[in-house]
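Colleague: I would like a close look at one part of this model, with enough of its surroundings to see where that part sits. Please take it step by step, for someone in a first year of study.

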Amino acid sequence: MIKDNKIWIGQADEPVFILPKMANRHGLITGATGTGKTVTLKTLAEGFSEIGVPTFLADIKGDVSGLAAAGKESSLIEERKVAFGMDSFEYQAFPTTFWDIYGEGGHPVRTTVSEMGPLLLSKLMGLNETQSSVLTIIFKIADENGLLLLDIKDLKAILDYVYSHNKKLEAEYGLLSSSTISAITRNVLALEQEGADVFFGETALDLTDWLRVDASGKGMINILHAVKLFHSPSLYATFLLWMLTELFETLPEVGDMEKPKMVFFFDEAHLLFKDMPKALVDKIELVVKLIRSKGIGVYFITQNPQDIPNEILSQLGNRIQHALRAYTPSEQKAVKAAAQSFRANENFDTEKVITELGTGEALISTLDEKGVPSVVQQAIVIACQSSFNELPASERSAIIAASPFASKYSNQVDRESAYEILMVRKQTELAEQEATALAEARAKEVSVKEKAAKPKRTKKTAMEKSVDTALTTIGREVGKSITRGVLGMFKGFK
Ligand SMILES: Nc1ncnc2c1ncn2[C@@H]1O[C@H](COP(=O)(O)OP(=O)(O)OP(=O)(O)O)[C@@H](O)[C@H]1O
Ligand SMILES: [Mg+2]
């Protein structure tokens, strides 16, 4: 809800706000299961939508979809309206676009292997350091030869190509052991079996399609239907990280703005950082730090603040802490740490209150006009104007069908890329090999004596020539090579 052009999220003695101009200083919503995180998340998304800021949310349980339906009148909310003076509270639906990697609960979201880049792909496949560095080289070979890696088929084709030409390529690119390439290929096959191949291909998502407002000026709420995706935690995490870094690469610097360009909510954030190599954490930290100046706010949602690496945690300015349990020593330690991250309020003991908060209640501290964290407040989250419940399937289908993106993303296209080009090369090579074999068979007819007297060969074999041609032809055919950004993601052709 909006009050005095600020996002009204909770009520302590006074209303508690998030200031639009500080909303890109990121945030954190934490709390144990069932304490009110999702309702808080929806309340915030509504507030952003009302000030014309589009958002992105992942819907893991299905209940976030309720944003697209008006809330049901309840005595609890009616009482709050009077008690808090929530005059403009309206049970209302918000403009939403549904997305789904599997294309079932929303428009399909796809990206290309080239766009994802070797670093995130390594994370997705759980590659070790050696495998990851070989994959980076394989991307380099593809990039330098202008070979587009769009889908898993292309990735398999380039792996096959490098496998069969590794000795030749090693001279230019360094060690490319056959066993490592085989191991990567096995991981690609596993990825395919997991069903992750649906994510790779075209039409790739244009993230700027998420930066939209509706006809009345409300920010569009982009909901990623992640109920199924969540069963592949690694794909879920990689997808969110890809999106964040892709936006970072795409958007221009804008400096301080009156309100963010877009806000991202990353639910189940503990999955993002689970088993994440330090090098990747460092890069994500950098992206989170710098994306602020591109007008993007990032809000992490997780049970416990300790799920987020410290370097990232320290950048999250707007914090909403729901109740935490403190039965075990490690839970008690977590409560202490969470309490200490707030600026103390002399009227209560933060640590004690965290364990006593009721559902929908929270400790809140946001950044003030000067960017200073406010003294922590014990507040009631005012609740969302949309439905608490999951959107019925028929209403979801109607929204999907009416969306302007229904036709843009519904078809999978398969244009010429690495697979097609390398298939042609392979056929040429095979033909040349056959020709060589034939020539050799004919040569057998030459007398043994003559053969022994033959000088050592200095010329390249037909096979070697064909490899040379393969590389130069690929380069010539496309005539361009690919450039990459901070996380090794595709940036364009040069
Ligand atoms: N601010 C609120 N005002 C009124 N009721 C609330 C509020 N927040 C939560 N509730 C009630 O509590 C229920 C559970 O809240 P919610 O789904 O937000 O919890 P959660 O922390 O997201 O749980 P989980 O970790 O299981 O996803 C809601 O369905 C709603 O009935
Ligand atoms: Mg929830």
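Modeller: What follows is a close look at one strand, β6, and then at the parts of the chain around the ligand and between the domains. Bear in mind that this is a predicted model.

The strand β6 covers residues 96-100. Is β6 buried or exposed? Here 5 of the 5 residues are buried, so β6 is largely enclosed by the rest of the structure. In a regular strand, side chains alternate between the two faces of the sheet. On one side of β6 are Thr96, Phe98 and Asp100, and on the other are Thr97 and Trp99. These residues are all buried, which leaves both faces of β6 covered.

Next come the strands that pair with β6. Strand β8, residues 221-225, pairs with β6 in the parallel sense, over 4 bridges. Within β8, leucine 224 is the bridge partner of tryptophan 99. Strand β7, residues 107-108, also pairs with β6 in the parallel sense, here over 2 bridges. In β7, proline 108 stands opposite aspartate 100.

Now the wider chain. The protein chain has 494 residues, of which 45% count as buried. It contains 18 helices and 15 strands. The C-alpha trace spans about 105 × 50 × 40 Å along its principal axes. Among contacts between residues at least 6 apart in sequence, 79% join residues at least 24 apart.

The domain assignment divides the chain in two: domain 1 is 2-110 + 208-405, and domain 2 is 113-199 + 416-493. Between them, 16 residues of domain 1 are in contact with 15 residues of domain 2. On the side of domain 1 that touches domain 2, the elements giving two or more residues are α8 (233-250) and α10 (278-291). Of these, α8 gives the most, with 9 residues. By class, the residues on this side of domain 1 divide into 8 nonpolar, 4 polar and 4 charged.

Another buried element is helix α1. This helix has 14 residues, and 13 of them are buried, so α1 is largely enclosed by the rest of the structure. At 1.5 Å a residue, α1 should span 20 Å, and its end C-alpha atoms are 20 Å apart, which agrees. After α1 comes glycine 52, with a positive phi near 85°.

Helix α1, residues 37-50, also gives the largest share of the shell around ligand 1, namely 3 residues. There are 15 residues around this ligand, and those that come nearest are Gly36, Lys37, Thr38, Val39 and Gly360. By class, the shell has 5 nonpolar, 8 polar and 2 charged residues.

A last point concerns a single residue, glutamate 429, found in helix α16 (residues 418-443). Why does glutamate 429 count as buried? A residue is buried if 20 or more other C-beta atoms lie within 10 Å of its own. Glutamate 429 has 21 other C-beta atoms within 10 Å, and is therefore buried. From glutamate 429 to alanine 279, the separation is 150 residues in sequence and 40 Å in space, C-alpha to C-alpha.

To return to the strand, β6 is buried along its 5 residues and pairs in the parallel sense with β8 and with β7.

How values were computed:
Residues numbered from 1 in each chain as written. Chains lettered and ligands numbered in written order. Predicted model: local features only at pLDDT ≥ 70, side-chain atom pairs only at ≥ 80, totals over all residues. Near = placed C-beta within 6 Å. Nonpolar A, V, L, I, M, F, W, Y, C, P; charged D, E, K, R; others polar. Buried ≥ 20, exposed ≤ 12 C-beta atoms within 10 Å, placed from the backbone. Pairing = 2+ DSSP bridges. Contact = placed C-beta atoms within 7 Å. Domains from an automatic or database assignment. Expected span 1.5 Å × (residues − 1).
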